[in-house]
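Q: Hi! I have a structure open here and would like to talk it through with you. Could you take a look?
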Amino acid sequence: MPDVLEASPYDALLLLSFGGPEGPDDVVPFLENVTRGRGIPKERLKEVGQHYFLFGGVSPINDQNRALLDALRKDFAEHGLELPVYWGNRNWAPYLTDTLREMVRDGRRRILVLATSAYASYSGCRQYRENLADALAALEAEGLELPKIDKLRHYFNHPGFVEPMVDGVVRSLAELPDEVREGAHIAFCTHSIPNSAADTSGPVEEHGDGGAYVRQHLDVAQVIADAVRERTGSDHPWQLVYQSRSGAPHIPWLEPDICDHLEERHAAGVPAVVMAPIGFVSDHMEVLYDLDTEATAKAEELGLPVRRSATVGADPRFAAAVRDLVMERAADERGQEVAPCALGALGASHNLCPVGCCPARAPRPAAAGADSPYA
Ligand SMILES: CC1=C(CCC(=O)O)c2cc3nc(cc4[nH]c(cc5[nH]c(cc1n2)c(C)c5CCC(=O)O)c(CCC(=O)O)c4C)C(CCC(=O)O)=C3C
Ligand SMILES: [Fe+2]
């Protein structure tokens, strides 16, 4: 029997994710959920719908979250951590509000949230906190007693998130044809967001110049590039690039786009590129379509050899990292001294999003932060 690990005061972990369609009939209602009130052009929605239909109307994200749930439960059980794990989504069943209601009915009073987004930004952090506030408001209206909810810190620089990605890049380099491997560049890929959202990402003191969003990605990219050099003995030049842009064309979003980047690298004589999707936790539709389909087709058209490296998905090292993050936060909450684990130059991210962190265009209540009305 392993020693029993103490997660108190927490009595449950909630995996909070995006959700995705599970068949052709789900695609349009899913996209309506995603884009409600967000001003995305109709043309873009039609196009994104086609990406899903290309894969039978099924996003892989839900099965990937089921696999992560299994990995978390297995890791917790093996290490004597008796913490039930639940799952709820922003945009598709199981919906967050339904899961939270079930948690309250099960008597959960102190809930820790793991969002499937590793970085600071409105879309990756505050929007999930708004979803939590909406769910709490719904339960309050039903007369239920509300639990206290905290969110785990950004884990982009946790070794259990970084190391599987290092392995992935090393593997992708090995898969490239021998004659182009040595000269290959690495394109670290993440979701583009509006420049204005990037500049205001993270705590107020980090705003400007792409904010915490860009800084965190650059930090982890450097860590991965250094580790890859150590493992392979060769220095592969790298750049942070973006994908999956939506929104109106006249609004500036983070650039360059991966497809433009491949064109530019090819023109500059770079013999091959590894696309490393560090901005994503699993190989969901943004990876399958935007990188494996669209960017790979662009590379084929150019005659540029490319490989796409793996995301962490349900890697046991990621599950172990989550356990470590839970234990760290629980100890901190109990007032004990903790030494947070983080690679790179930035250090461990804050536990509690301060006031003004990743602001929304139109302010709305957000839970699990210093400005939560449900503290
Ligand atoms: C930063 C970021 C992440 C990474 C962090 C995280 O993972 O949270 C992410 C993840 C994801 N985005 C996803 C899907 C979509 N995102 C959209 C739209 C948008 N994403 C944005 C940002 C992000 N998105 C933004 C600024 C918009 C514009 C509209 C708005 O301000 O909200 C749209 C609408 C159509 C379109 O315009 O593309 C869809 C369908 C899926 C599910 C994939 C699947 O089904 O497998 C996942 C994991
Ligand atoms: Fe998105």
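Q: How do the residues of the shell around ligand 1 divide into nonpolar, polar and charged?
A: There are eight nonpolar, 14 polar and three charged residues. Here Ala, Val, Leu, Ile, Met, Phe, Trp, Tyr, Cys and Pro count as nonpolar, Asp, Glu, Lys and Arg as charged, and the others, Gly among them, as polar. Bear in mind that this is a predicted model: local features need pLDDT of at least 70, side-chain atom pairs count only at pLDDT 80 or more, and totals for chains, interfaces and linings use all residues. Residues are numbered from 1 along each chain as its sequence is written, while chains are lettered from A and ligands numbered from 1 in the order in which they are written.

Q: Thanks! Which residues are the closest to ligand 1?
A: Gly20, Ser59, Ser246, His284 and Met285, out of 25 that surround the ligand (C-beta atom, placed from the backbone, within 6 Å of it).

Q: Is Ser59 buried or exposed?
A: Ser59 is buried, because 26 other C-beta atoms lie within 10 Å (20 or more count as buried, 12 or fewer as exposed, in between as partly exposed, with C-beta atoms placed from the backbone).

Q: And what does the UniProt annotation "binding site" cover?
A: In that unreviewed entry, the annotation covers Ser59 and Tyr128. UniProt positions are given in the numbering used here, feature names are shortened, and annotations may be inferred rather than shown by experiment.

Q: New topic: how far apart are Asp371 and Cys357 in space?
A: They are 9.4 Å apart, C-alpha to C-alpha, and 14 residues apart in sequence. Asp371 is partly exposed, with 18 other C-beta atoms within 10 Å.
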